[in-house]
Structure formats: structure tokens, C-alpha cells
Amino acid sequence: MEKKLAKIIAYAQERLSEEQSGHGFDHACRVAKLAEKIMADLNDPSVDSLVVIAAAYLHDTIDDKVVDDPDEAVEELRNFLTFEKIPTTQVLEILFIIDNLSFSKEQFGAASELTINGQIVQDADRLEALGAIGIMRTAYFGGAHGNVLYDPTIPPRNLQTKAEYREESTVINHFYEKLFLIVDQMKTPFGKQEAQRRKTFMEEFLKEFYREWND
Ligand code: ADP
Ligand code: NI
């Protein structure tokens, strides 16, 4: 288990090394750490920690924001996990989780319901979108994509499709178009509580931001 995990971590590190929009290896490591916390809090013997930690490290290695060809990335990941002798049922669950994890798929697509293992990874990934780190990642992503920080003449949208979601707006609008929405979509007790705490901090941040902007 330890040896297999070390190989998985090295794979994630290699695949995410070029990433510069907030989905890099440091993000994958924090998602894995948060997933550990959620597991400890849940204390549910049916949880498969190898599946959870592997999916946490690997979740962005097949994302269309990170790789040019997501289908090819899935095949490469499947081959890698099989080569490392991860049992097929676990390979299938890891691939299922990372395919159905995303906000955009849950909100606009036909995401399949996640198993408890998947819910843990999803909550861990979503906590990373919130709080001080969430604010930094959102600004970092916006910079990488050439979006402005804020424009009071552009109101936040009520997004209906993934295409609209990918047509990006301002950094501040992303708080309303996604970040605050996921707080109510958390699935685990630790995730719900920590998301609320991080949201409170973001609301404080926005108050200060508008105050400075308007002064
Ligand atoms: P998902 O894959 O779950 O649908 P994303 O990967 O698009 O969600 O978002 C992950 C993180 O990337 C967000 O939490 C945010 O920090 C950043 N991000 C995504 N889209 C935008 C955007 N339009 N503006 C600013 N940040 C964004
Ligand atoms: Ni992520």
C-alpha cells in the first residue's frame, strides 16, 4: 500500500508539474491532507483509504483545464494504475470518482452519485476552493486566464450551462457564480462545518475589498 501510494504521488507530481492556474501538485497534496482529516472525522470502516488518497492526488491529472486531451489522459492513468497492480475494482472507482467530482458536472452535467469515498475527495477538493487559499487560487486562475479582478458594471451571472461557466467573468464574480454555491453542496459533516467557516472569512474579505474599492 505505501509503495503503491508513493508511485501514485510521483505520477501526480510529474503530471501536474507544469500547471500554473491553481491545480498544481501543491493543490493535490492539500486535497489529500483534507481527505485524511475528513476520513478521521467520519471514522467509517467502509471507507477505502487507498481509493480516497489516490483519487485526491490524481483528480486533476485528467481535467480539461490541465491537459490538452482528457480522454488520452484517462487512458494513460488507467494503464498506469493497472501496471502498478492496483486491483481493477479500485482502478474503476478511482476513475469514476475523478470523472464525477467536478462542480461543473454536478451543476450542469449528468454527474453520477458519488460513493462515500468520492464524497470525501469531492469535499476535500471543494474546501480548497474556499477560504484564504480559495481566494488566492481564484485570483491566480483569473490572472492565468487574463480576467480582470473586478468590474462593478459586470454583474454575476446565474449560470445554466458548462459552456457559460467556461466563458469566464471577473475574479470577484467567481465567488458568487461558484464558490458560495458549493458551500451548500458539501456532503460530509467535517466538509459542511469547515466550508461554513471558510465562507465567513470570504464574506469578511469581500466587505474589506468593496470598502477599499469604493473609498
Ligand atoms: P470544477 O472542475 O470543479 O468544475 P474548476 O476546476 O473549474 O471547478 O475550479 C477549480 C478552481 O479553479 C476554482 O475553485 C477557482 O479557484 C478556479 N477557477 C475556476 N474557474 C474560475 C474562474 N472563471 N475565475 C476564477 N477562478 C476560477
Ligand atoms: Ni482540484
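Along the sequence, the protein chain of this predicted model reads α-α-α-α-α-α-α-α-α-α-α. The count is eleven helices and zero strands. The radius of gyration is 17 Å, close to the 17 Å that the globule rule gives for 215 residues, so the chain is as compact as a globular protein of that length. Along the principal axes, its C-alpha atoms fill a box of roughly 60 × 35 × 30 Å.

The ligand site was examined next. Ligand 1 occupies the largest pocket. Around ligand 1 stand 16 residues. Lys65, Phe103, Ser104, Thr138 and Lys178 come nearest among them. By character, the shell comprises six charged, five polar and five nonpolar residues.

Several helices contribute to this shell. Helix H6 spans 103-108 and helix H8 spans 131-144. Helix H9 covers 162-166, and helix H10 covers 171-183. Each of these four supplies at least two residues of the shell around ligand 1.

Polar side chains also approach the oxygen atoms of ligand 1. For Lys65, a polar side-chain atom lies 2.6 Å from an oxygen atom of the ligand. Lys65 is also listed with the residues that come nearest to ligand 1. For Tyr165, an N or O atom of the side chain is 3.0 Å from an oxygen atom of ligand 1. For Arg166, the distance from a polar side-chain atom to an oxygen atom of ligand 1 is 3.1 Å. Taken alone, ligand 1 exposes 540 Å². The protein buries 94% of that area.

Note on methods:
Residues are numbered from 1 along each chain as its sequence is written. Chains are lettered from A and ligands numbered from 1 in the order in which they are written. This is a predicted model: local features need pLDDT of at least 70, side-chain atom pairs count only at pLDDT 80 or more; totals for chains, interfaces and linings use all residues. Side-chain values use heavy atoms; hydrogens and water are left out. A residue is near a molecule or strand if one of its heavy atoms lies within 4 Å of it. A polar contact is a pair of N or O atoms within 3.5 Å; within protein, one must be able to donate a hydrogen and the other to accept it, and residues adjacent in sequence count only if both atoms are side-chain atoms. Accessible areas come from the Shrake-Rupley method with a 1.4 Å probe; for residues, only the protein chains shown count as cover. On a 1 Å grid over the protein atoms alone, a cavity is a set of points where a 1.4 Å probe fits but cannot get out, and a pocket is an open set with protein on both sides within 12 Å along at least five of seven lines; lining residues have an atom within 4 Å of a point. A molecule sits in a cavity or pocket if more than half of its atoms lie within 2 Å of its grid points. Ala, Val, Leu, Ile, Met, Phe, Trp, Tyr, Cys and Pro count as nonpolar, Asp, Glu, Lys and Arg as charged, and the others, Gly among them, as polar. The radius of gyration is taken over C-alpha atoms; the globule rule is 2.2 Å times the number of residues to the power 0.38.
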